[in-house]
Amino acid sequence: MQYRWFWLAVLTVLLCPASLVRAQSAQTAPSSQPAQPAPELKIAVTGDVPTPLTLTAADLASMPRDTAEITEQDGQKIVYEGVALQEILKKAGIGFGRELRGKALAGYVMAEAHDGYAVLFSLGELDSGLGAEKIIVADRRDGKPLFAYQGPARLVVPADKEGARGVRMLEKLEVVKLRK
């Protein structure tokens, strides 16, 4: 009985280093699969809009740019750059200012992420004469493209105390007018 444990221990010592070397070399060997490319920036603007759009990185780059500074929980300040959500909606034909009265105020924008996560903003809170909420569709963080887990685009809502409405991996902006 004693010898059985002895030989089991000897085999374990002899075989384990070889299996570890094989496992480590398999982990460090170059992958035969190509690296995944960064997702392409495409944001669909749909719903009750006069001009439905699909915006690309080039479209956002050609629009008026804005910045927003966010303080992370650890105190670090991050500057996001992008296009004001209101500007994107104007490009899709949504009126603001004097045009946003009566039935037009009974509407909202649903911002949806790649994974289905969605948040709502009323059209009134986006209007500079009413709620004046600053919300940007950001494509840059501290002067660099967003991290892969954040985008190619994300919403940044600097006035929010928590980041729950800061939709990452933004893919769709759907406008819904409740009164037509």
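This is a short talk about the fold of one protein chain and a few of its residues.

Hi everyone, thanks for having me. Before we look around, please keep in mind that this is a predicted model.

Let's start with the whole chain. It has 180 residues, and 32% of them are buried. The secondary structure adds up to four helices and 10 strands. If you walk along from the N terminus, the order is α-β-β-α-β-β-α-β-β-α-β-β-β-β. On the outside, the accessible surface is about 11500 Å², and carbon and sulfur atoms hold 56% of that. Here is a number about the folding pattern: take the contacts with a separation of 6 or more, and 59% of them join residues 24 or more positions apart.

Now find strand β1, residues 42-47. Which strands does β1 pair with? One partner is β2, residues 53-56, and the two run antiparallel, with four bridges. They make a hairpin, with five residues between the strands. To see one of the bridges, look at isoleucine 43 in the model, whose partner in β2 is leucine 55. The other partner I want to show you is β10, residues 170-177, which pairs with β1 in the parallel sense, again over four bridges. On that side, threonine 46 stands opposite glutamate 174 of β10.

Next, let's move to aspartate 142. You'll find this residue in the loop that links β7 (136-141) to β8 (144-145). Is aspartate 142 buried, partly exposed or exposed? Its relative accessibility is 40%, so it counts as partly exposed, because that class lies between 20% and 50%. What does aspartate 142 touch, once we set aside its neighbours within four places in sequence? The contacts are Lys77, Ile78 and Val79. Valine 79 is a nice one to point at: it sits 63 residues away from aspartate 142 along the chain, yet their C-alpha atoms are 5.1 Å apart.

Last stop: the aromatic rings. We describe a pair of rings by the distance between the centres and the angle between the planes. How many aromatic pairs does the count give? The count is one. That pair is phenylalanine 147 with tyrosine 149, with centres 5.9 Å apart and planes at 10°, and it is stacked. As for their surroundings, phenylalanine 147 is partly exposed at 42% relative accessible area, and tyrosine 149 is partly exposed too, at 47%.

That's my tour, and I'm happy to take questions!

Notes
Residues are numbered from 1 along each chain as its sequence is written. This is a predicted model: local features need pLDDT of at least 70, side-chain atom pairs count only at pLDDT 80 or more; totals for chains, interfaces and linings use all residues. Side-chain values use heavy atoms; hydrogens and water are left out. Buried means under 20% relative accessible area, exposed over 50%, partly exposed in between (1.4 Å probe, protein chains only). Contact means heavy atoms within 4.5 Å. Rings of Phe, Tyr and Trp (its six-membered ring) pair if their centres lie within 6.5 Å; planes under 30 degrees apart count as stacked, over 60 as edge-to-face and the rest as tilted. Two strands pair if DSSP finds at least two bridges between them. Accessible areas come from the Shrake-Rupley method with a 1.4 Å probe; for residues, only the protein chains shown count as cover.
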